[in-house]
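Me: Please take a close look at one helix of this model and the surface beside its end. I would like one connected account.

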Amino acid sequence: MRAFGVLVDANHAAVRAFLRRLVGSYADADDIAQEAFARTWEVLDRFDGSSRLRTFICGVAFQYWRRARRSSMRRQAREDAYAADAETETEQPAHAAARLALRRAMEELPEDQRAVLALCLGQEFTHAEAAEALGLPLGTVKSHVARGRARLQAALGVATEHAT
């Protein structure tokens, strides 16, 4: 049990950050992280050591989030919490507006694409790590990154530069 506590301490920040980007609500992300670590304890015997433990835990967290997302009541709670996010109150208005626009754009992405971007761009996972954590083929992850990034740039009005 003590060893698992050390594992939680070592990975908790990364899992919470991933979930915050995925969910868009700090409170919901923290709740899901707690449940994901409890579930990880239950399925820890499935961890074969072929990847980093962080990858395994993020995969458990993603699956837990996916199940929770199917509940319309929790979905409504996340949307309400998102609208009342107090974080933007202390930020400069331009920075807060940009953060809010990014969150809204992320919410418009399909679930898998949002999860891939949260891991690869937000958590600096490699494509292979994200594929393993989310249970997706590597090619699908690469496609989600490219298409998701393009959709975010379009939604945010960011011009893309093409190499000639």
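Reply: The buried residues of H8 (buried meaning under 20% relative accessible area, exposed over 50%, partly exposed in between, with a 1.4 Å probe and protein chains only) are Val 141, His 144, Val 145, Gly 148 and Leu 152. Seen down the axis of H8, these buried residues fall within an arc of 105° (the arc of the directions from the helix axis to the C-beta atoms), so they line one face of the helix. An α-helix has 3.6 residues a turn, so residues three or four places apart point the same way. The face of H8 turned away from the buried side carries the exposed residues Arg 147 and Ala 154.

This is a predicted model, in which local features need pLDDT of at least 70 and side-chain atom pairs count only at pLDDT 80 or more, while totals for chains, interfaces and linings use all residues. Residues are numbered from 1 along each chain as its sequence is written, and side-chain values use heavy atoms, with hydrogens and water left out.

Helices here are DSSP runs of H or I with at least four residues, numbered from the N terminus. H8 covers residues 138–156, and its 19 residues should span 27 Å at 1.5 Å a residue (1.5 Å times one less than the number of residues), which agrees with the 27 Å between its end C-alpha atoms. After H8 comes Gly 157, whose phi is positive, near 70°.

The mean pLDDT of the protein (the predictor's confidence in each residue, from 0 to 100) is 83, and 82% of its residues reach 70 or more.

Notes
Helix = DSSP H or I, 4+ residues; strand = E, 2+ residues; numbered from the N terminus.
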